[in-house]
Amino acid sequence: MTALSHDPLWPRAGDWPPLPADPADHVDLTLIGIPTHRTSLSPTGAHATPAAVRDALRRYSQFVVPDGVGPPCADLGALAFADVGDVPEPDGPDGEARAMRSVAQASARSRALVALGGDNAATVPAALGTWGADLATAGLVTLDAHHDLRDGVSNGSPVRRLIEAGLDGQRVVQVGIADFANSRAYAARALELGITIVHRDELHRRPMADVMAQALEIASAGGGPVHVDLDVDVCDRSVAPACPASVPGGIAAHELRAAARAAGAHPAVASVDLTEIDATADTSDQRTIRLAALCVLEVAAGLALRR
């Protein structure tokens, strides 16, 4: 990474310590890497992404500029952060179980957790590890162009697998579902399971803040914890060229960032993941990786606004 300037009056994000050694100590937000990639339906170097996002975080400050309309957001430097590193080899049954244990341990000591994928297979251990015994009351919101209801075990199957594990489909909301990115069979499956669908075109007519408020209300109706999957291929391909399955016409960067902040601000959201970025395929300006890093900070900004 290129050397960055040092200014004591411009503290950088991302220099976060590990969890405190004392199990009694808690933090506001914990970062964990789940670099899944081996079952991806498309060739991917997604295992390189957590490290790339951590590097990109240091390009940004911890300060949120008040917009003059709503309440000012606290300086993120007032939050306690931790980074527990990457789960080694998180693919396959043993790796997934290892990732679930790591997430459960970290989330038990955090107000919120952000998991860096990896492909979308990371959503399964990230969600299950956070929900634990609350699976029956948990909820899920996905920002994704795809239903992720495929048969088998891959980055195309996490939502189906979570529902088969016990998640109620009526507390699943999928935002950004795109034309020509799904099949009739899986669209029908989503309806059969009771999933709420917000088509990408609906986002042309409704602000993301309103959509997320509705989605989080549905997902949290059971009273349990909510996991939010930010699959970055929901974005327009010009915004997210490092996502193998992103399509022209997806959502804008500011919409994904707004969704990330809304997730962080909602009291029921216990965990968020960022998935489907292949860091080895990004442009020279790292636009996809930098967007992911900003989404981490947006979650933290939302967390700072929680009452």
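Student: Is the crossing of helix 7 past helix 8 left-handed or right-handed?

Tutor: A crossing is left-handed if the near helix is turned anticlockwise from the far one by less than a right angle, and right-handed if clockwise. Helix 7 passes helix 8 in a right-handed crossing. Helices (H or I, at least four residues) and strands (E, at least two) are DSSP runs numbered from the N terminus. This is a predicted model, in which local features need pLDDT of at least 70 and side-chain atom pairs count only at pLDDT 80 or more, while totals for chains, interfaces and linings use all residues. Residues are numbered from 1 along each chain as its sequence is written, and side-chain values use heavy atoms, with hydrogens and water left out.

Student: At what angle do helix 7 and helix 8 pack?

Tutor: Axes are lines fitted to C-alpha atoms, for helices over the stretch in contact, and angles run from 0 to 180 degrees between N-to-C directions. Helix 7 (residues 253-265) and helix 8 (residues 287-305) pack at about 35°, their axes 6 Å apart.

Student: Which residues of helix 7 meet helix 8?

Tutor: Contact means heavy atoms within 4.5 Å. Among them are Leu256, Ala260 and Gly264 in helix 7, and the residues they and others meet in helix 8 include Leu291, Leu294 and Val299. The residues of this contact divide into ten nonpolar, two polar and three charged (Ala, Val, Leu, Ile, Met, Phe, Trp, Tyr, Cys and Pro count as nonpolar, Asp, Glu, Lys and Arg as charged, and the others, Gly among them, as polar).

Student: In what order do the strands of the sheet lie?

Tutor: Strands of a sheet pair through backbone hydrogen bonds, either parallel or antiparallel. Here eight strands form an open sheet in the order 2-1-3-8-7-4-5-6, with parallel pairing (two strands pair if DSSP finds at least two bridges between them). Strand 2 (81-86) and strand 6 (196-199) are the edge strands, each pairing on one side only. Four bridges join strand 3 (residues 110-117) to strand 8 (residues 269-275), and Val114 has Val272 as its bridge partner in strand 8.

Student: Which helix does the chain pass through from strand 5 to strand 6?

Tutor: Four bridges join these parallel strands, strand 5 and strand 6, and Val175 stands opposite Val198 in strand 6. The chain crosses between them through helix 5 (residues 184-192), in a right-handed β-α-β crossover (right-handed if, with the strands pointing away from the viewer, the path from the first strand over the helix to the second runs clockwise).

Student: Which strands does helix 1 lie across?

Tutor: Helix 1 (residues 49-57) lies across strand 1 (27-34), strand 2 and strand 3, running at about 140° to strand 1.
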